[in-house]
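Biologist: I should be grateful for a close look at one part of this structure. Please describe how two packed helices meet, and then follow the residues that lead from there into the interior.

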Amino acid sequence: MMDSSNPSLPLSGLQDSVSNPGSPVHSPRVVAENVSVIEMICKAVEGLASRNKKVSFENPAKEANFQSVTVPHLALRDYMLSPLFMKLKESTKIWKGAFILIKRLHARLPTLMTPLTVHRVVLCAFMVAMKCTSDRVLSNKLVAKYGGVAIANLNVMERHFLSVLDWDVFISKEEYVQLDALYSVPLSSAVGKRLSAAVLFGRM
């Protein structure tokens, strides 16, 4: 079960694990870009999760591994804005990659995203995208610690995540360009407000 009772996760050891000592904090522009991408992901996956509230799993053997016992009270956006994920030097690119992988996962297993699984699916997508796009990666143990899941559960989720994708985790430059065209639309704008989960997952 995900421990969502503590919205302020500890940061002991984060500096040594994530970045070089004394490395600069992200600029306001990069932070704003991170938040923009995260908000787009939240809008899409929360829409899918809401529609799947009463849908039965297509593949319970794999999907149940992502399921929490209860719905985490920590909002998905706040969970994704954890300093652990925001401090990585390539965090914006990783989050974009995570969104692309979630889209692929949804195409193969559309019933997976529910209010009980969404946090863990996003966590696993971030971890896999990090390993595929970044030169510096966090250990599964550290991701599990700050993600609020047991390391054994995270390892199982990662295996099932990759199995569902059939290890199709390469992300092309063209996919990033297509995603940039979507997330560059301000969510507060009239167009942004119409970017439903169906639109976001159907236009790539």
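Modeller: In this predicted model, the contact between helix 2 and helix 6 involves V30, E33, N34, V37, I38, M40, I41, A44, V45 and L48 on the side of helix 2. Their partners in helix 6 are S91, T92, W95, K96, F99, I102 and H106. Two packed helices are described by the angle between their axes and the distance between the axes. Here the angle is about 15°, and the axes of helix 2 and helix 6 lie 9 Å apart. Since angles under 35 degrees count as roughly parallel, helix 2 and helix 6 are therefore roughly parallel to each other. The crossing of helix 2 past helix 6 is left-handed.

One of the helix 6 residues in this contact, W95, also takes part in an aromatic pair. The structure holds 1 such pair. W95 and F126 form it in a tilted arrangement, with 4.5 Å from centre to centre and 50° between the planes. The pair links distant parts of the chain, as W95 belongs to helix 6 (residues 91-108) and F126 to helix 7 (residues 118-133), 31 residues apart. Buried means under 20% relative accessible area. W95 therefore counts as buried, at 1% relative accessibility, and F126 is buried as well, with a relative accessible area of 0%.

W95 has a further role in the packing of the interior. The largest nonpolar core has 53 residues, and among these W95 and F161 touch the most other members. Two or more residues of this core come from each of helix 2 (28-51), helix 4 (76-80), helix 6, helix 7, helix 8 (140-147), helix 9 (151-164) and helix 10 (173-183). Helix 7 gives the most, with 11 residues. In soluble globular proteins, nonpolar side chains tend to be buried together. Beyond its neighbours within four places in sequence, F161 is in contact with F66, L101, L105, V121, C124, A125 and V128.

Helix 7 also contains M130. M130 is buried, with a relative accessible area of 0%. Setting aside neighbours within four places in sequence, M130 has contacts with L88, I94, R136, V137, L138 and V143. The C-alpha atom of M130 is separated by 8.1 Å from that of S91, although the two residues are 39 residues apart along the chain. S91 leads back to the starting point, as one of the helix 6 residues that meet helix 2.

Note on methods
Residues are numbered from 1 along each chain as its sequence is written. This is a predicted model: local features need pLDDT of at least 70, side-chain atom pairs count only at pLDDT 80 or more; totals for chains, interfaces and linings use all residues. Side-chain values use heavy atoms; hydrogens and water are left out. Rings of Phe, Tyr and Trp (its six-membered ring) pair if their centres lie within 6.5 Å; planes under 30 degrees apart count as stacked, over 60 as edge-to-face and the rest as tilted. Helices (H or I, at least four residues) and strands (E, at least two) are DSSP runs, numbered from the N terminus. Buried means under 20% relative accessible area, exposed over 50%, partly exposed in between (1.4 Å probe, protein chains only). A nonpolar core is a set of buried Ala, Val, Leu, Ile, Met, Phe, Trp, Tyr and Cys residues joined through side-chain atoms within 4.5 Å. Contact means heavy atoms within 4.5 Å. Axes are lines fitted to C-alpha atoms, for helices over the stretch in contact, and angles run from 0 to 180 degrees between N-to-C directions. Angles under 35 degrees count as roughly parallel, over 145 as roughly antiparallel, 65 to 115 as roughly perpendicular and the rest as oblique. A crossing is left-handed if the near helix is turned anticlockwise from the far one by less than a right angle, and right-handed if clockwise.
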